[in-house]
Structures are given as C-alpha cells and as structure tokens.
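Work through the following exercises with the sequence and the model at hand, and try each task before reading its solution.

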Amino acid sequence: MAQWNPLHDLVSLQDRMNRLFEDASQRRASEANPRDEVEAADWYPAADVYEQEGEYTVAVDIPGIDRATLDISVDDDRLTIKGNRVLPDSTRHRAECPSGKFLKTFSVPAAVDQGGVRADYKDGVLQVHLPKRPERKSQRVEIKIS
C-alpha cells in the first residue's frame with residue numbers, strides 16, 4: 001500500500017494553479033491584442049525555460065503533434081510556437097489530452113542571436129534553442145588631445 005504524501009499533493013495543486021493562471025493571462029493578453037483574435041488557441045501546452053552558459057532553451061510538451069503542423073517564429077522580441085493536435089476520429093471513452101489549435105508565446109531577451117535560433121522535436125518535447133550573442137568586452141581606448 002502506497003503511503004500518502006501531502007507534499008506531493010501540494011506540489012500538484014500548485015502546478016495546476018500555475019497552469020490555470022498562465023492560461024487565463026495568455027487568453028487575456030490575446031483578447032487585448034486584436035491581431036491575435038484571428039489566432040485564438042484552444043489550449044496552451046506546458047513549457048519550461050532554461051538558461052545555460054551559451055543559450056536559453058524553451059522546452060514545450062506537445063506529444064502527438066505532427067511536425068508539419070508546427071509553426072515556430074521569432075519576431076523582434078517574441079518567440080511564437082503554434083500548432084494543431086488532431087485526435088483520431090473514433091469513439092472516445094475518456095478525453096484528457098487537449099486537441100485543436102495551440103499557441104505559446106515567450107519574450108525573447110535582447111541578448112539572443114535571433115539568426116541562430118534552432119529547434120528539435122523528440123519524444124513529444126519541442127526544444128527551441130536561443131543562442132546568446134557573445135558579450136563584447138569593454139576595452140579602454142586612449143584619446144589624445146591635439
């Protein structure tokens with residue numbers, strides 16, 4: 001018999017609340033922006049953002065998505081990931097996985113080299129790699145007075 005772990009329940013509840021607030025804030029943001037009304041999403045996938053020494057990585061959980069339906073773009077300071085999950089046409093006895101159009105947006109820091117952005121999709125996780133620009137070292141320049 002498994003032991004009850006109240007901490008696990010609290011962490012699970014916190015995760016659900018975070019997703020609820022994230023979904024609500026993204027819907028409100030898309031309603032405030034008229035150009036996004038056309039691109040309304042049916043659901044928003046879970047995502048994690050990591051920072052390593054040379055890049056940021058955005059990992060988005062989208063199992064069962066056909067690569068051909070993915071649209072990933074970087075426009076100025078915004079990373080946008082769009083796609084569509086189509087479930088097979090059959091009698092469903094239980095439906096927990098969301099279907100339809102999805103949309104996920106992220107702010108992109110100014111330190112990102114937008115020309116080097118790349119993505120890979122493996123085991124249901126889309127990883128978008130945003131390389132950082134090399135930092136310019138400040139150097140002292142001596143100016144002579146004439």
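**Exercise 1: the open sheet**

In this predicted model, four strands make up an open sheet in the order β1-β2-β7-β6, with antiparallel pairing. Task: determine which strands lie at the edges of this sheet, and how many bridges join β2 to β7 and β6 to β7.

Solution. Begin with the ends of the order: the edge strands are β1 (47–51) and β6 (118–122), each of which pairs on one side only. From one strand to the next, the twist averages 15°. Turn next to the pairing inside the sheet, where β2 and β7 run antiparallel and are joined by seven bridges, with Glu55 standing opposite Pro131 in β7. On its other pairing, β7 (residues 125–131) meets β6 in the antiparallel sense over five bridges; here Ala119 stands opposite Val128, and Asp120 stands opposite Gln127. Finally, follow the chain from β6 into β7: the two strands form a hairpin with two residues between them, and Asp123 in the turn has a positive phi of about 55°.

**Exercise 2: the surroundings of β7**

Task: decide whether β7 is largely enclosed or not, using the burial of its residues.

Solution. A residue counts as buried when its relative accessible area is under 20%. By that cut-off five of the seven residues of β7 are buried, and the strand is therefore largely enclosed by the rest of the structure.

**Exercise 3: strands β3, β4 and β5**

Task: trace how β4 pairs with β3 and with β5, and name a pair of opposite residues for each.

Solution. Take β3 (residues 71–75) and β4 (residues 78–85) to begin with: they pair in the antiparallel sense over five bridges, and Ile72 has Ile81 as its bridge partner in β4. The connection between these two strands is a hairpin with two residues between them, in whose turn Asp76 has a positive phi of about 55°. Continue to β5 (residues 100–107), which runs antiparallel to β4 and is joined to it by eight bridges; in this pairing Lys82 stands opposite Leu103 in β5.

**Exercise 4: aromatic rings**

Task: classify the pair formed by Trp43 and Phe102 as stacked, tilted or edge-to-face, and state where in the chain its members lie.

Solution. The count comes to one aromatic pair. Planes under 30 degrees apart would be stacked and those over 60 edge-to-face; with 50° between the planes and 5.1 Å from centre to centre, the pair of Trp43 and Phe102 is tilted. As for position, Trp43 belongs to the loop between α1 (6–32) and β1, whereas Phe102 belongs to strand β5, so that the pair links parts of the chain 59 residues apart. Both rings belong to buried residues, for Trp43 has a relative accessible area of 8% and Phe102 one of 2%. A separate contact involves the ring of Tyr56, over which the charged end of Lys132 sits, 4.9 Å from the ring centre.

**Exercise 5: the largest pocket**

Task: describe the space in the largest pocket and find which element gives the most to its lining.

Solution. The largest pocket holds about 580 Å³ of space. Its lining comprises 22 residues, of which Arg19, Trp43, Tyr44, Pro45 and Ala46 are the closest to its centre. Assigning the lining to elements, one finds that α1, β1 and β2 (55–61) each supply at least two residues, and that α1 gives the most, with eight residues.

Technical notes
Residues are numbered from 1 along each chain as its sequence is written. This is a predicted model: local features need pLDDT of at least 70, side-chain atom pairs count only at pLDDT 80 or more; totals for chains, interfaces and linings use all residues. Side-chain values use heavy atoms; hydrogens and water are left out. Two strands pair if DSSP finds at least two bridges between them. Axes are lines fitted to C-alpha atoms, for helices over the stretch in contact, and angles run from 0 to 180 degrees between N-to-C directions. Rings of Phe, Tyr and Trp (its six-membered ring) pair if their centres lie within 6.5 Å; planes under 30 degrees apart count as stacked, over 60 as edge-to-face and the rest as tilted. Buried means under 20% relative accessible area, exposed over 50%, partly exposed in between (1.4 Å probe, protein chains only). A charge sits over a ring if NZ of Lys or CZ of Arg is within 6 Å of the ring centre and within 35 degrees of the ring normal. On a 1 Å grid over the protein atoms alone, a cavity is a set of points where a 1.4 Å probe fits but cannot get out, and a pocket is an open set with protein on both sides within 12 Å along at least five of seven lines; lining residues have an atom within 4 Å of a point. Grid points are joined across faces, edges and corners, and a volume is the space filled by probe spheres set on the points.
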